[in-house]
Every structure is written in C-alpha cells, then in structure tokens.
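The exercises below go with the structure shown here. Each has a task sentence and a solution in steps.

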Amino acid sequence: MQCSVCGKEAVINLPAYHKALCSEHFVQWYYEKTKHFTKKLTRPGDRIALAVSGGKDSIALALFFNEYRKELDVDPFLFHIDLGIPDYSKVARRYVEKLSSELGMELFVYDLKKETGKALVDLRRGSRPPCSACGIIKRYLMNKVPRELGADSLATGHNLDDQVENFFKNWTSQHFDWLAKQKPFLPGEHPKLLPKIKPLFERTEEENMAYVKYNGFELPTFRCPFSHRQRSKWRLIADEIESRNPGFKLSVVKALENFDYPVGVTGLRECSICGEPTSQDVCSFCKIIGKTTQP
Ligand code: SF4
Ligand code: ZN
Ligand code: ZN
C-alpha cells in the first residue's frame with residue numbers, strides 16, 4: 001500500500017475516500033478535513049471547552065484544537081471530570097494533565113469526590129454498573145462548569161462510529177426525536193445551556209487513533225472498568241456494511257446532519273435547588289447527589 005500523495009509506504013487505508021496515506025500526509029489530511037468541518041461550528045473569538053476523558057477520541061480532539069487555535073481565532077481549554085473510579089480516574093487524570101502541559105493548553109479538573117463528598121462508586125445502586133448515574137453527572141457538569149468558566153460552547157469527541165451506532169439504535173427503536181438531536185451542532189435550548197459541538201462527527205475511531213499516534217502521542221491503554229469490552233451488534237453490522245460498501249458510514253452521518261423531526265417544546269425550567277435547567281422541579285443531578293438545599 002503506497003501513499004496516494006507521495007508514493008511512500010502508507011500507514012492507513014481510507015477506502016471511503018479512495019486513498020491510502022503515509023503518516024505525514026495523513027496528519028495533514030485529517031487536520032484539513034476536520035478544520036473545514038469545524039469552521040461551520042465555531043465563530044471567531046469563541047472560548048471553547050474541550051471535554052477530555054483521556055480516551056483516544058478526546059485526545060484527538062485536543063490535538064486538533066491545538067493546531068486549529070494557531071490558525072483560527074479561537075480560545076480552547078481542556079475540561080476533565082475526575083469521577084473517583086478506582087484504578088481508572090487517577091490514571092486518566094494524570095494523562096490529561098500531561099497532555100495539558102505538553103500542549104500548553106489550560107486545564108480545569110472537576111473532582112467529584114472533593115466537590116460533592118461522593119465519588120461515582122458511592123452512587124451505585126446495588127450491583128448495577130453506575131453508567132446511568134455517570135451519564136447524568138457528566139451531562140450536568142459539562143454544561144454548568146464550562147459555562148461558569150466563560151465558555152461559549154462545549155466540544156466533545158463523539159466520532160463517526162458512535163454516530164452510526166446510535167443511528168441504528170434510535171432508528172430501530174423509533175426515537176426519531178433523538179435522531180434529530182444527532183447533529184454536529186446543537187444550540188442551547190435555554191440561556192443556561194451551552195451550545196454543543198462535535199468536530200469529529202465525520203472522523204472514524206481508526207482515524208482518531210492514527211491522528212494521536214502520528215502526532216507522536218501515546219495511545220491511552222487504560223479504560224473505565226465499567227465500559228463494555230465487546231463491540232455492540234450495531235457496530236459489527238455497520239462495520240460489515242462498510243467493508244462491502246466503503247463510504248456507507250459517512251453517508252449515514254451526512255444524512256443525520258440534514259435529518260429533521262419536530263422535537264416539540266421541551267418545557268425547561270430551573271431546578272429549585274441548584275438553578276440549573278431541568279424539565280422537573282428538582283434536577284436529576286441534585287437527586288443523585290442527594291442535594292436538598294441551596295449552597
Ligand atoms: Fe462512566 Fe465508566 Fe460508564 Fe463511561 S463506562 S459511563 S466513564 S461509568
Ligand atoms: Zn505521503
Ligand atoms: Zn439541581
């Protein structure tokens with residue numbers, strides 16, 4: 001396999017784009033593609049919070065923004081939540097701190113245990129994995145804390161493979177309103193909700209891993225002990241279709257960008273305890289944490 005640009009040995013094959021690239025031309029290609037896409041999602045002068053868990057997609061996001069900020073007038077910073085998960089959170093936090101110092105990019109860490117007195121594992125119900133509580137906690141904090149730090153938007157590292165998997169799940173369960181929210185740009189529906197952007201919407205997991213590696217960064221090997229080790233059936237099905245019909249996944253996310261469905265009025269108000277947007281009297285975060293009074 002030879003690089004389609006210079007003829008050197010290629011390190012990655014990109015059948016959806018009818019090309020293979022060497023490490024140097026791949027890094028250039030990835031940056032240019034992502035830049036073109038991200039320009040639609042950002043405005044000059046934007047202060048952008050980058051949600052970094054320490055996973056490969058979030059590292060690729062930070063590396064991309066490190067270049068993007070040199071060329072376009074944006075002010076990114078890293079935001080990390082230390083969930084206090086044994087054998088995982090400490091390693092992930094150290095990795096993100098190292099990334100911040102190597103890139104010279106500001107980092108804010110929210111330490112769940114320190115701030116609320118409870119780590120994620122304290123919030124488990126029975127023997128069930130704590131992922132549902134974790135989702136609520138992350139959604140809440142990734143909006144509130146960056147907003148208070150002056151962010152104009154929050155960028156996450158959701159990749160193309162995540163989007164296609166969710167497309168299958170949402171389509172087959174007829175959650176068309178959720179499908180309509182699978183967009184690379186979601187405006188805040190409330191003055192206290194930050195707009196959310198997904199700059200890696202068209203980038204595959206493989207491309208993100210290669211971008212981290214060929215930028216000279218170590219690929220993270222740690223993972224949350226509660227994460228699934230096996231690929232979902234939808235991911236396997238999507239991979240199979242892609243291998244027979246390269247470009248299939250890209251066509252799905254391009255269709256998602258244009259998919260519209262009336263979502264209806266969300267009826268958001270402010271939590272009676274913390275004041276954050278919610279559809280209930282008391283928000284899910286306050287319920288999980290067991291917060292009963294205003295700070
Ligand atoms: Fe949270 Fe770990 Fe579950 Fe991910 S896998 S949602 S980090 S508990
Ligand atoms: Zn080349
Ligand atoms: Zn609340």
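Two strands count as paired if DSSP finds at least two bridges between them. With that criterion, Ala49 stands opposite Phe77 in β4. The model is a predicted one.

**Exercise 1. Describe the pairing of β3 and β4, and place β3 in its sheet.**

Step 1. Strand β3 (residues 47-51) and strand β4 (residues 75-82) pair in the parallel sense, over five bridges.

Step 2. For the register, take two positions: Arg47 is opposite Asp75 in β4, and Ala49 is opposite Phe77.

Step 3. The open sheet has six strands in the order β5-β4-β3-β6-β8-β7, and its pairing is mixed. In this order β3 stands between β4 and β6.

Step 4. The edges are β5 (107-111) and β7 (185-186); each has a single partner strand, so one side of each is left without a neighbour in the sheet.

**Exercise 2. Determine whether β3 is enclosed or open to solvent, and which way its side chains point.**

Step 1. The cut-off for buried is under 20% relative accessible area.

Step 2. Five of the five residues of β3 are buried, so the strand is largely enclosed by the rest of the structure.

Step 3. In a regular strand the side chains alternate between the two faces of the sheet.

Step 4. In β3, Arg47, Ala49 and Ala51 point one way, while Ile48 and Leu50 point the other way.

**Exercise 3. Compare the surroundings of Ala51 and Arg93.**

Step 1. Ala51 is in strand β3, and Arg93 is in helix α3 (residues 89-103).

Step 2. Ala51 has a relative accessibility of 10% and counts as buried. Arg93 has a relative accessible area of 23% and is partly exposed, because the buried class takes only values under 20%.

Step 3. With neighbours within four places in sequence left aside, Ala51 is in contact with Ser58, Leu61, Phe79, Met142, Leu154, Ala155 and Thr156. On the same basis, Arg93 is in contact with His80, Asp82, Val109 and Asp111.

Step 4. For distances across the model, the C-alpha atoms of Ala51 and Asp239 are separated by 27 Å, with their positions 188 residues apart along the chain. Arg93 and Phe168 are 75 residues apart in sequence and 33 Å apart in space, C-alpha to C-alpha.

**Exercise 4. Identify the buried residues of α10 and the helices that cover them.**

Step 1. In helix α10 (residues 248-258), the buried residues include Phe248, Lys249, Leu250, Val252, Val253 and Leu256.

Step 2. An α-helix has 3.6 residues a turn, so residues three or four places apart point the same way.

Step 3. The cover over the buried residues of α10 includes α6 (160-172), α7 (176-179) and α9 (233-244).

**Exercise 5. Summarise the whole chain: its elements, dimensions, burial and charge.**

Step 1. The protein has eleven helices and ten strands. Its radius of gyration is 20 Å, close to the 19 Å that the globule rule gives for 295 residues, so it is as compact as a globular protein of that length.

Step 2. Along the principal axes, the C-alpha atoms fill a box of roughly 65 × 45 × 45 Å.

Step 3. Of the 295 residues, 48% count as buried. The exposed area is about 15,300 Å², of which carbon and sulfur atoms supply 51%.

Step 4. Among contacts between residues at least 6 apart in sequence, 69% join residues at least 24 apart.

Step 5. There are 44 positive and 37 negative side chains, and the centres of the two sets lie 4 Å apart.

Key: Residues are numbered from 1 along each chain as its sequence is written. Chains are lettered from A and ligands numbered from 1 in the order in which they are written. This is a predicted model: local features need pLDDT of at least 70, side-chain atom pairs count only at pLDDT 80 or more; totals for chains, interfaces and linings use all residues. Side-chain values use heavy atoms; hydrogens and water are left out. Helices (H or I, at least four residues) and strands (E, at least two) are DSSP runs, numbered from the N terminus. The radius of gyration is taken over C-alpha atoms; the globule rule is 2.2 Å times the number of residues to the power 0.38. Buried means under 20% relative accessible area, exposed over 50%, partly exposed in between (1.4 Å probe, protein chains only). Contact means heavy atoms within 4.5 Å. Accessible areas come from the Shrake-Rupley method with a 1.4 Å probe; for residues, only the protein chains shown count as cover. Lys and Arg count as positive and Asp and Glu as negative; His and the chain ends are not counted. The place of a charge is taken as NZ of Lys, CZ of Arg, CG of Asp or CD of Glu.
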